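I opened a fresh notebook page for this one. My plan is to look things up one at a time and jot down what I find.

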Amino acid sequence: MGEIVLNSGDTAWVLASTALVLLMTPGLAFFYGGMVRAKSVLNMMMMSMITIGIVSVLWVIYGFELAFGYKADSPWYGNISFSGLGGMVNDLTNNGGIYPIPVLVFAAFQLMFAIITPALISGAIADRTKFTAWAVFVAIWSTIVYFPVAHWVFAFGNKVGDTVTGTGFLAGKGLEDFAGGTAVHINAGAAGLALALVLGKRVGWRKEAMRPHSLPLVMLGAGLLWFGWFGFNAGSALAANGTAGLAFMNTQVATAGALLGWLLVEKVRNGHATSLGAASGAVAGLVAITPACAFVAPWAAVVIGLVAGILCSLAVGIKYALGFDDSLDGVAVHLVGGIWGSLSIGLFGTSIVNSLGVDGIFYGGGTALLVKQALGVGLVLAYSFVATLIIGFIIEKTIGFRIKKDAEVEGIDLSEHAETAYEMTSSSRGGSLL
Amino acid sequence: MKLITAILKPFKLDEVKDALQAAGVTGMTVSEASGFGRQRGHTEVYRGAEYTVDLVPKVRLEVLVDDKDAAAIVDVIVKAASTGSIGDGKVWTTPVDSIVRVRTGERGTEAI
């Protein structure tokens, strides 16, 4: 066996994908920012921006080692090491086998996943979260929840010859999650639900209208998310190959199917197909196809998307029925979409499109894969929800998680950031430079 | 002297403005307003949650006129603003004690 050398085509694609996935977080900031009221748009966007800052720094110091290190040989976490990523510059990636791309490229790619996951949570607690408390939460949650869960799902271990060390628990059990249906979306959705319960409802929830202040911003955000998601899903092949192509095509058609499914529900139920519905449906489809994109045929991706659009649009009603203020519907879109997408592999999964895949129920594989998928869904959901509740309550009891009521009513942009987003009138508001 | 205030459908503003200029009115003040009368508001749906929106966008137009012109100018506005459907708005007059043109200091009807 000859020595494996770096492949520049694969490396170039993963580098490009890394930049695409980074763009998703500012895209998410637009998507979420447009959905809140004009008085809280800056805070909503800043919750994503500060997450980019905090998680990037933690990732270099210890995050990547905690998620993907193998020396501890634990199914639950990687290494506890503060290496600062200084010693691996010339290494190739080894994740269940050698990939001919530099390990720092893999580390940068995975960093973008670590960033967007906590950023997704922010939508559940819009308009009311103390900014410093959010920053503290992001650091603690990434350390205790995301980095370990990424290890469970994404770490396939360091393979030398036939010996593999440090394989994550769910990866070792045969969970199929190509790009993060469990580790990213179920994880963020369950955490968002927990924080919505810790913080409580916004002032005036269900009494006053909380309309999106800028649907064009929501559409811009949805467009950036869709574009970036090609890096998220097709980049997860870690190679410029047929698997990347399959993931790319499935990402496109599942998203299209979900967009149509969500609009169909709206047209039948409410009489109008809305722009918010189109944007939400697209994101629901992207979420649902994320775990499945390299394991199903494109026709199945359309079905997965269509069902996701219908299911997620109906799931928005859960928060009204149960009375929790998951402000921007992370539960309906990311938790429900993530669960459906992860389980759908147990139905539509097939080794015909991917030799590493396993046949699901519709391909004669029986229920074995579905059971593995359900295990992954249940474990990540339960751990994320409980751990986030505990972290949330500790922050609430120590530094406080929520801004004062009058500040919330006046607008969190002003109280937390000393800024307002829009100057709508040409006349001066008075005052002068200090 | 009278102040005529008209609440109009926004898309009718240009017609009313042209009709007033044709009738010899030389100045007016226009501002954006919102409100409701018998027309009431409308319903909007966001991710399946229905909101009733009570206040409808309107335009407020204000014109200062001499007493003898007031009735005719009101008629001009009503004629130009009417579509015959609900929500066309209202026009009313209020007496004005004094008017001063800022640039010249002219007072009363001279300042109109």
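In which sense do β1(B) and β5(B) pair, and over how many bridges? I looked it up: β1(B) and β5(B) run antiparallel and are joined by 7 bridges. Two strands count as paired if DSSP finds at least two bridges between them. Helices (H or I, at least four residues) and strands (E, at least two) are DSSP runs, numbered from the N terminus.

Notes to self on the ground rules. This is a predicted model, where local features need pLDDT of at least 70, side-chain atom pairs count only at pLDDT 80 or more, and totals for chains, interfaces and linings use all residues. Residues are numbered from 1 along each chain as its sequence is written, and chains are lettered from A and ligands numbered from 1 in the order in which they are written.

**Chain B, the sheet**

I followed the pairing further and found an open sheet of 4 strands in the order β2-β5-β1-β6 of chain B, with antiparallel pairing. At the edges sit β2 (29–35) and β6 (89–95) of chain B, each pairing on one side only. On average, neighbouring strands of this sheet are turned by 25° against each other, direction ignored. For angles, axes are lines fitted to C-alpha atoms, for helices over the stretch in contact, and values run from 0 to 180 degrees between N-to-C directions.

I then checked β1 (residues 2–8) of chain B against β6(B) and found 7 bridges, again antiparallel. Ala6(B) stands opposite Val91(B) in β6(B). On the β5(B) side, Leu3(B) has Leu64(B) as its bridge partner.

Which helices pack on the sheet? Helix α1 (residues 13–22) of chain B touches β1, β2 and β5 (56–65) of chain B, and its direction makes about 10° with that of β5(B). Helix α2 (residues 67–81) of chain B touches β1, β5 and β6 of chain B, at about 5° to the direction of β1(B). Contact here puts the C-beta atoms of two residues, placed from the backbone, within 7 Å.

I also sorted β1(B) by face. Lys2(B), Ile4(B), Ala6(B) and Leu8(B) are on the covered face, while Leu3(B), Thr5(B) and Ile7(B) are on the uncovered one. In a regular strand, side chains alternate between the two faces of the sheet.

**Chain A**

I counted 15 helices and 4 strands in chain A. Its radius of gyration, taken over C-alpha atoms, is 21 Å, close to the 22 Å that the globule rule (2.2 Å times the number of residues to the power 0.38) gives for 434 residues, so chain A is as compact as a globular protein of that length. Its C-alpha atoms fill a box of roughly 75 × 50 × 40 Å, taken along the principal axes.

I looked at one hairpin: β1(A) and β2(A), with 3 residues between them, and Gly96(A) in the turn has a positive phi of about 75°. Asn94(A) stands opposite Ile98(A) in β2(A).

**Where the chains meet**

I found 14 residues of chain A in contact with 6 residues of chain B. On the chain A side, α8 (242–270) and α9 (275–292) are the elements that give two or more residues. The largest share, 3 residues, comes from α9(A).

Notes. A residue is buried if 20 or more other C-beta atoms lie within 10 Å of its own, exposed if 12 or fewer, and partly exposed in between; C-beta atoms are placed from the backbone.
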